[in-house]
Each structure stands twice: as structure tokens, then as C-alpha cells.
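Q: Could you take me through one part of this model in detail? I'd like to follow a pair of neighbouring strands and see what they connect to.

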Amino acid sequence: MKPRFSVLRDVEVGEGTRVYDQVNLYKCRIGRNCKIDAYVYIEEGVEIGDNVKIRAFTFIPTGVKIEDDVFIGPGVIFTNDRYPRVRGRWRLQRTTVRKGASIGARAVVLPGVTVGRYAMVAAGSVVTRDVPDYAIVAGNPAKVIGYTNTEVFKEKVRRHLSGGEVRGEEADWPWP
Ligand SMILES: CC(C)(COP(=O)(O)OP(=O)(O)OC[C@H]1O[C@@H](n2cnc3c(N)ncnc32)[C@H](O)[C@@H]1OP(=O)(O)O)[C@@H](O)C(=O)NCCC(=O)NCCS
């Protein structure tokens, strides 16, 4: 692994993980078989599980934990300080993204939130509260608009994959 034009300091990276160019990874731990795209910025102490995909331009500060099998879309912004100021004391609030969740493009996740297992955060959402397991949330502030484990949603995805330019390889259903 030799990403070019990158800063990588004290990073633990698991087997099979691909890290693309122009990333900034500092004192963090990344599991196995992950894909970290270009322009991703990951701070000290961040923990990332196995089989995690992080698309370009995403910011993951200290205090964020990402479990296995999570998809993070492009331009996703996590935060860790509720009342940011240029100086003085601040309180770190920790954020967790549980196994199997997906976060859509350009979502913002406020500090201290947990995104539940197999949940889906819509593109452009601002997540201000915990997201329940399997919930689909959208908007600013993000509200529940459905659940990934319902037959209605699964059927919608099946129909979506039955035509057009379908790519990728066969895999288990991502939302049990
Ligand atoms: C959240 C998501 C999965 C919902 O898909 P869906 O179930 O097919 O949703 P629908 O298109 O049927 O929309 C349902 C409602 O939610 C709203 N909605 C859908 N996506 C939304 C979004 N990103 N922000 C706000 N509202 C949204 C729709 O306007 C619709 O509202 P209405 O009932 O008032 O008309 C999808 O819209 C989404 O954002 N996917 C993420 C895409 C992404 O970022 N991919 C990254 C890899 S490139």
C-alpha cells in the first residue's frame, strides 16, 4: 500500500484494504478488505471495522467508530464538537455507525449520534438524533421515512436491480 500525495502516520491497516491517493490518515485503525477513496480525511483514534467502503471527500474526526460492512458515500461529514469555538475547552462527543449501515452522499452526522444496524441515511440528510436499527432517514433534520427490513423496501430494491446497467458481483442481501 503506497498511496501517493498522502499523509499516513501511525496507521494500522488490515489485510486486503485498499487506500487510494491523496488521503490523510492519522493514528487510526482500519480493518480488513476496506476501500478508502481519495481525499478521505480520518483523524486520531478513529476505528473502522472490516469490509467498509468510504467514498471520496469524506471527513471522519476523532471519536467516530465505524463497525463492519458499512458504506459511507462521498462527501459525508462527521462531527465531534457540538459547540465549536476557536479556543477554550470543548467536549468530545462520540459517534458510532453500527454494522451494515449505509450513509448517503453529503450527509452530515452531528456529534454523539448512533446510526443503527443496517440503517440507511439518505443523501444530503442532517442526522441530529440516533437512527434506529434498519431505519431509512432523510431530510434536515433527518426523519424516519421507512425501514430497510420491510418487504416493501426489499421488493423496491429487487425491482431496481432487475433492469438497466446492473454492476458488481452477487452478494448476500445487505439488509436482513
Ligand atoms: C434514502 C433513499 C434510499 C430512499 O430511496 P427510496 O425508498 O427509493 O425513496 P423514494 O424515492 O421512494 O422517496 C420516498 C420519499 O423520501 C423523499 N426522499 C428520498 N430521498 C431523499 C433525500 N435524499 N432527502 C430528502 N428526502 C428524500 C422523497 O422525496 C419521497 O418523498 P415524498 O413521499 O414526499 O414524495 C434514497 O433516496 C437515497 O438518498 N439514497 C442514497 C443515494 C446515495 O447517496 N448513494 C451514494 C452512492 S453514489
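A: Here is a walk through one hairpin, then outwards to the sheets, the core and a few unusual backbone spots.

Keep in mind that this is a predicted model. Let's start with strand 20 (135-138) and strand 21 (143-147), which run antiparallel and are joined by four bridges. If you want one pair to click on, take Val137, whose bridge partner in strand 21 is Val144.

Now look at the turn. The hairpin has four residues between its strands, and Gly139 there takes a positive phi near 100°. Right after that comes a cis peptide bond between Asn140 and Pro141, with omega about -5°. Pro141 sits in the loop that links strand 20 and strand 21. As background, most peptide bonds are trans, and most residues other than glycine have a negative phi.

What do the two strands have to do with the ligand? Each of them supplies at least two residues of the shell around the ligand. In total, 13 residues surround the ligand, and the closest are Gly73, Gly104, Ala105, Ala122 and Ala123. By type, the shell splits into seven nonpolar residues, five polar ones and one charged one.

Next, zoom out to the sheet that holds the hairpin. This is an open sheet of eight strands, in the order 3-6-9-12-15-18-20-21, and its pairing is mixed. Strand 21 and strand 3 (18-19) are the edges; each has a single partner strand, so one side of each is left without a neighbour in the sheet. Elsewhere in this sheet, strand 6 (residues 35-36) pairs with strand 9 (residues 53-54) in the parallel sense, over two bridges. There, Lys35 stands opposite Lys53 of strand 9.

Strand 20 also leads inwards. The largest nonpolar core has 40 residues, and Val137 is among those that touch the most other members, together with Ile103, Val115, Ala119, Val121 and Val127. Strand 11 (64-66), strand 18 (120-121) and strand 20 are the elements that give two or more residues to this core. Strand 20 gives the most, with three residues. Val115 is a good one to display: leaving aside residues up to four places away in sequence, Val115 touches Val97, Arg98, Ala101, Ile103, Val121, Val127 and Val131.

That brings in a second sheet. It is open too, with six strands in the order 2-5-8-11-14-17 and parallel pairing. Its edge strands are strand 2 (12-13) and strand 17 (114-115), each pairing on one side only. Within it, strand 11 runs parallel to strand 14 (residues 95-97), joined by three bridges. Ile66 stands opposite Val97 in strand 14, and Val97 is one of the residues that Val115 touches.

Finally, two loop residues are worth a look for their backbone angles. Asn51, in the loop between strand 8 (47-48) and strand 9, has a positive phi near 55° without being a glycine. Asp69 lies in the loop between strand 11 and strand 12 (71-72), and its phi is also positive, near 60°, again in a residue other than glycine. Are these two buried or partly exposed? Asn51 has 19 C-beta neighbours inside 10 Å, so it counts as partly exposed. Asp69 has 19 such neighbours inside 10 Å, so Asp69 counts as partly exposed too. The cut-off behind this is that a buried residue needs 20 or more.

Methods. Residues numbered from 1 in each chain as written. Predicted model: local features only at pLDDT ≥ 70, side-chain atom pairs only at ≥ 80, totals over all residues. Near = placed C-beta within 6 Å. Nonpolar A, V, L, I, M, F, W, Y, C, P; charged D, E, K, R; others polar. Pairing = 2+ DSSP bridges. Core = buried A, V, L, I, M, F, W, Y, C linked by C-beta atoms within 7 Å. Buried ≥ 20, exposed ≤ 12 C-beta atoms within 10 Å, placed from the backbone. Contact = placed C-beta atoms within 7 Å.
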